[in-house]
Every structure is written in C-alpha cells, then in structure tokens.
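The following report treats one protein chain, beginning with a term on which its description of packing depends. Please read it alongside the sequence and the coordinates.

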Amino acid sequence: MSEAKSPEKLSVKLQRRGAKWKAWCDVRTRWWDFLDAWESGWRFRLKVFGGMALSATVIATSVVIYPIWRERATLRMARQWLDANRLDEAEPVVHLALELAPLRAESWQLAAEFALKSGKPKSALTFAHRAAALAPSDEAVQLDWAATAMIAEEWEQAETALQTLSSNARESARGRRLSGELARRNGTMDTARKHFEEALRLEPGVAVNEVPLGVTLLVATEPGDRDRGRDLLEKWTSDPQVGAEALRVLLVHSVQRSDQPAMRAQARALRSHPAATRTDVFNSLSALALSDEAEFTTALAEVKHAYAKNEESAAKLIEWLGGTGRASEAIVWSATLPDEFTARPPVAVATADVLRLSEDWSALRARTVNANWGRLNRVRAGYQLMAERRLGNAVVADRIWETLLADVVTGGGETLFLAGAFYSWGLREEAVKLWWRCAEQPGVAMAALGSLARHYQLQRDADGLHQTFNRLRALRSGDALIANNFAYLGLVLNRGRDQAYRISRENHLRYPENVLYRSTYCFALRSEGRVTEALELFEAVKEEIATRPEIAFSYGLTLLTAGRKEEAKAMLLRVDGAAVTLEEARIVTEALKKL
C-alpha cells in the first residue's frame with residue numbers, strides 16, 4: 001500500500017503549479033513569446049493568418065450568411081409545402097417565414113396563399129395588402145393584392161389596387177383579366193368582354209382567358225356570341241383546374257334554355273369531375289330530375305350510397321331532399337343510416353327540419369323528446385317546442401319556452417342561432433324575445449340587435465327601431481350613423497326631442513358635408529321652431545337633396561311648416577310609403593290631406 005503524501009509535500013506541489021499558471025498568464029511575457037515566435041519563421045505566421053481567416057469565416061457565417069440561408073430555405077420550404085397542398089406542414093413554416101423575414105413581401109404572399117387555401121379570404125386579403133405595401137413597385141405583388149381582394153369580395157379595395165398599378169401592369173393580360181372581372185361584377189358586360197378579349201389576344205389559348213370570356217359571351221344578345229361562349233367553355237370541361245367552373249356555367253345556361261340533352265351530359269360530367277363540390281352534385285341531380293327521371297333515380301341512389309358513409313354529407317343530402325319536395329324520401333333514407341348518425345347532429349338536425357317541413361309533428365316529437373344533441377340541445381328543444389305546440393301540448397311547450405328564455409345567459413350563441421331558426425319557421429314573436437335577451441349578452445349583443453333592426457325594418461316599426469338603435473348607441477357610442485338613426489326616429493316619434501337635437505347637432509358639426517346628418521339636424525331645428533335656420537341649411541345642399549329620396553320626408557315637413565305648400569307637396573309625394581316606417585307613412589298621409 002503506497003504511503004500517503006504528507007501535507008507539506010502537497011502544499012509545495014500546489015505552490016509550484018500556482019507559480020507556473022501565474023507565469024503563463026503574464027500578458028507581457030506571453031506577448032514577447034508571441035513576437036519571438038512570429039520572428040522565428042514563416043510557418044507560425046501562416047498558422048496565425050489561417051486562424052484569423054477561419055475565425056472571420058465562422059463569424060461571417062454565424063452573423064450574416066446563416067441567417068440569410070435560413071431565411072431563404074424557410075421561404076423555399078413554405079413554397080414547396082403550399083405547392084403540394086400540405087397545409088398542415090406549411091402552417092408552421094409560413095409562421096416562421098413571417099418571423100424571420102417580416103419585411104419581405106414574399107413572406108406575406110405565402111401567408112396570403114396559405115390563408116386562401118385554408119378558406120380564409122379576409123385574412124388572405126390582409127396579408128396580400130401588407131405584401132403590396134412592402135413592394136409598391138412590384139407589379140406582380142400588386143396584381144396579387146387586387147386578385148385576392150376580388151376573391152374576398154372586397155370590390156372597392158380591388159378597384160383601389162387596380163388603380164395603383166402602372167399602365168403597363170393594367171395593360172398586361174393579368175391586369176386585363178382582373179379589370180374584366182371587376183367590370184363583370186359591376187354589370188358592365190360590354191366592358192368586361194373587351195378586357196377579356198384583349199387578355200386573350202395577349203395570351204391566346206389559355207383557360208384563364210377563355211373561360212371568363214366564355215362566361216361573359218353566354219349572356220350576350222347575339223346568338224353567334226352565345227355559341228362562341230359555349231364553344232370556349234366546352235373546350236375546357238375536362239380540365240382538372242377549370243373544368244368544374246366551366247361545367248357549372250354551362251349547366252345553368254342549359255337549364256335556363258331547357259336544353260335537356262345538354263343538361264344530362266353536363267350534369268353527368270359535373271357530378272363526376274374531381275373538383276366537384278357537394279353543391280355541384282346537388283345541382284347536377286336537380287338538372288337530371290328535370291331532364292331524365294330514370295338517370296336521376298340511378299344517380300341519386302349512387303349519391304345516397306356514397307353519402308351514407310359521412311355524417312355531414314348525409315345531413316346535406318337530407319336537407320337537399322327536403323328542400324326539393326322530397327321530404328318523405330329523405331325520412332325513409334335517414335332511417336337506413338347508422339344509429340350513431342341519426343342520434344346526433346348534424347344528421348339529427350337535418351332530419352328534424354325535414355319532419356318540420358312535412359308537418360309530421362308526432363314523428364318530430366318522438367325524435368326530439370328524449371334526445372341529446374350535445375351543444376345543440378337548445379336547438380333540439382326548439383324543435384320539440386314547435387312539435388308540442390302543434391300537438392296541443394301547451395303545458396309542456398310553455399315549460400320548454402321558459403327554460404329557453406332562462407338559458408340565454410349560459411348559451412347566447414346557440415340561442416342566437418335558435419332565434420334565427422324560429423324566425424324562419426314563422427315563430428317571430430318568440431324570435432324577437434330571444435333576440436332581446438341575447439342583446440343583453442356581451443358576446444352576441446351586436447348580432448342580436450342587427451337581427452332586431454332588420455325585423456323592425458321589415459315590419460316598418462318605428463318604435464321598435466328606435467328601441468333597437470337606443471341599445472346599439474349604448475354599445476357603440478362613437479358610431480355617428482347609429483346615433484343619427486336614433487335621433488331621427490326620436491324626432492319621427494316626437495320622443496326625446498332635446499336629446500335628438502343634441503345628437504343631431506353634434507353629428508352635423510363633426511360631419512358638415514354629410515347630407516343625411518344635415519337633414520336630421522334640420523329636422524331637429526324644425527321641432528325646435530327654428531324653421532328658417534333649417535331651410536337655410538337645406539337650401540345649401542338643394543341640388544344633392546334632389547337625388548336623395550330618403551331626405552324627402554324631413555325636407556317636405558320643414559317646407560310645410562314654413563308655409564311653402566306647393567314645394568312641400570312635391571317633396572312629400574317623393575316619399576315612398578312602402579319604404580318608410582308606418583309612422584312616417586301616417587304623417588305623410590295626414591300632411592298631404594291638409595294640402
């Protein structure tokens with residue numbers, strides 16, 4: 001066994017090591033050692049220069065080159081995933097591209113494309129607009145912005161995007177196509193045709209030019225133009241990208257012309273096209289029902305077989321059958337579906353609605369009385385409520401109704417949906433009550449009040465509209481249009497004149513060029529007895545008033561108060577009695593009687 005080292009020897013050894021380390025760390029000594037080695041020969045100098053070059057390369061790679069490489073690799077990978085329609089893989093890469101290169105238009109273009117493929121055109125438009133802002137001189141990016149705006153149906157923004165283009169971009173084939181689409185949307189078909197013809201001249205023989213031109217020619221007045229439109233569309237019916245669109249247009253055209261042979265052929269082709277949607281399938285079935293009953297029966301059987309495997313598809317088919325007068329067939333077919341489909345939404349909802357349409361109240365009650373539709377249980381209760389009432393079970397129906405009213409607090413969104421359903425079923429009193437309850441819930445208040453405003457407008461109910469806009473004003477205190485409507489209706493109803501005067505005056509001072517707000521303020525001045533001042537404000541925009549029939553009511557009454565009877569009569573006769581509230585119509589009728 002070795003002898004242990006004594007403490008004295010260990011201490012001496014540590015002292016020696018410390019002295020060596022101290023000597024090695026002496027900067028001055030090391031510097032002179034370095035100079036001696038530098039002078040000693042070229043090999044050491046070569047090693048130093050090589051080390052410096054290597055260090056510079058490593059630093060440049062880590063600081064400059066690697067981030068650039070990573071950014072480009074991310075953009076390239078996002079493009080590859082999007083081209084392959086692998087949205088699950090593309091999503092994180094697109095987010096990374098935005099994080100790594102937020103100032104590159106390409107990143108935002110990729111985000112816009114991802115949003116479009118994900119069915120979010122509004123988000124896509126936001127991203128495309130951002131890309132256009134980052135690359136104002138890139139005409140392709142600007143054209144992408146305009147195209148995305150059209151897909152999102154934001155036509156004003158699309159027009160703005162087109163106006164920002166250079167003349168070369170507008171005159172390009174793509175620029176012409178987009179201008180043609182905008183013209184077609186605006187109903188100026190001759191202008192649209194000119195744009196599409198020019199695009200076709202610049203890029204002959206391609207689908208993106210021939211298909212929109214064919215669509216435009218189909219509504220032309222000359223038979224020869226319509227024939228050419230059909231030829232252009234039929235040329236592309238088998239194309240995997242645009243074939244479905246061409247067939248949709250041709251099928252509608254054939255149905256309008258009652259061309260049964262064409263309807264059969266196009267319906268058959270559209271239903272089997274790889275890009276066909278469920279809507280295409282149902283439109284094809286409708287066309288076959290009109291043109292060939294035997295083929296319709298065969299095709300419907302095939303669709304039933306295919307759709308029985310998917311709950312959502314099965315529900316849509318039940319809805320379609322019920323909506324086309326085949327409710328009994330829908331009910332019979334739904335009974336053949338698996339129990340796990342029929343016991344829950346969406347199949348359970350679709351079946352219940354078909355039973356409602358066919359007024360089979362006993363069957364509807366049986367389907368809903370002990371069912372559990374999960375998060376749509378209030379909708380189930382709504383169907384049961386209707387069945388119980390029609391069967392004369394008032395006590396049960398009243399109990400369900402009270403429960404629905406009480407449950408609004410915990411299920412505003414579902415109650416809002418149910419209210420809309422009640423309204424479409426004819427249960428309008430119940431729908432209105434539910435909407436007012438929903439108007440008290442933060443998450444759904446605006447939507448509920450919008451539905452109430454549409455209801456009272458259809459009913460021409462000034463009092464209901466006044467109450468609705470009063471509630472809207474509490475939620476959107478800064479919205480001038482809401483405040484104007486509230487003030488105007490208060491003046492019509494002779495209710496809260498001081499408040500109406502104050503609101504209308506503030507609106508007019510904030511927006512002096514707005515003729516509608518000026519008119520309400522003048523109406524308020526009239527109610528205050530300041531008729532001369534009101535007329536002076538009206539007279540300042542008299543030419544514009546002539547083209548604004550919605551102002552005729554307040555201007556006509558102001559003229560009448562001023563004693564200018566002939567002018568008042570002419571103006572009041574411009575009021576469309578069917579377009580205003582019943583209270584306004586009553587006031588106009590009484591005023592005209594005095595004249």
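Two residues are said to be in contact when they have heavy atoms within 4.5 Å. The structure discussed here is a predicted model.

**A buried histidine in a loop**

His273 belongs to the loop between α15 (260-272) and α16 (278-291). Apart from neighbours within four places in sequence, the contacts of His273 are Thr237, Asp239, Pro240, Gly243, Ala244 and Leu247. One of these residues, Ala244, offers its backbone nitrogen, which the His273 side chain reaches at 3.5 Å. With a relative accessible area of 8%, His273 falls under the 20% limit and is therefore buried.

**The chain as a whole**

The secondary structure consists of 36 helices and zero strands. The chain has 595 residues, of which 41% count as buried. When contacts between residues at least 6 apart in sequence are considered, 50% of them join residues at least 24 apart. The exposed area of the chain is about 32,800 Å², and carbon and sulfur atoms supply 54% of that area.

**Nonpolar cores**

In soluble globular proteins, nonpolar side chains tend to be buried together. The largest nonpolar core in this model comprises 82 residues, and Phe422, Trp435 and Phe553 have the most contacts inside it. Helix α29 (residues 480-492) provides the largest share of this core, namely eight residues. A second, separate core contains 32 residues, including Ala78, Leu82, Ala135 and Val141.

Phe422 has an extensive list of partners beyond its neighbours within four places in sequence; among them are Gly382, Leu385, Trp401, Leu404, Ala431 and Leu434.

**Helix α24**

Trp401 and Leu404 are also among the buried residues of α24, together with Ala397, Ile400 and Leu405. Viewed down the axis of α24, these buried residues fall within an arc of 135 degrees, so they line one face of the helix. Val395, Arg399 and Ala406, on the other side of α24, are exposed. The cover over the buried residues includes α23 (377-390), α25 (412-425) and α26 (428-438).

The length of α24 can be checked as well. At 1.5 Å a residue, the 13 residues of this helix (residues 394-406) should span 18 Å, because the expected span counts one less than the number of residues. The end C-alpha atoms of α24 are 18 Å apart, which agrees.

**A buried lysine**

Lys304 is part of helix α17 (residues 293-307). Its relative accessible area is 17%, so Lys304 is buried. The Lys304 side chain makes a polar contact with the side chain of Glu329 at 2.8 Å. Leaving aside neighbours within four places in sequence, Lys304 is in contact with Leu317, Glu329 and Trp333.

**Backbone geometry**

Most residues other than glycine have a negative phi, and most peptide bonds are trans. A cis peptide bond, with omega about 5 degrees, joins Pro345 and Pro346. Pro346 is located in the loop between α20 (339-342) and α21 (347-357).

Two residues other than glycine with positive phi are set out below.

| Residue | Phi | Loop | Relative accessible area |
|---|---|---|---|
| Arg460 | near 60 degrees | between α27 (445-459) and α28 (462-475) | 23%, partly exposed |
| Asn494 | near 55 degrees | between α29 and α30 (497-510) | 56%, exposed |

The loop that holds Asn494 follows α29, the helix with the largest share of the 82-residue core.

Technical notes
Residues are numbered from 1 along each chain as its sequence is written. This is a predicted model: local features need pLDDT of at least 70, side-chain atom pairs count only at pLDDT 80 or more; totals for chains, interfaces and linings use all residues. Side-chain values use heavy atoms; hydrogens and water are left out. Helices (H or I, at least four residues) and strands (E, at least two) are DSSP runs, numbered from the N terminus. Buried means under 20% relative accessible area, exposed over 50%, partly exposed in between (1.4 Å probe, protein chains only). The arc is that of the directions from the helix axis to the C-beta atoms. A polar contact is a pair of N or O atoms within 3.5 Å; within protein, one must be able to donate a hydrogen and the other to accept it, and residues adjacent in sequence count only if both atoms are side-chain atoms. Accessible areas come from the Shrake-Rupley method with a 1.4 Å probe; for residues, only the protein chains shown count as cover. A nonpolar core is a set of buried Ala, Val, Leu, Ile, Met, Phe, Trp, Tyr and Cys residues joined through side-chain atoms within 4.5 Å.
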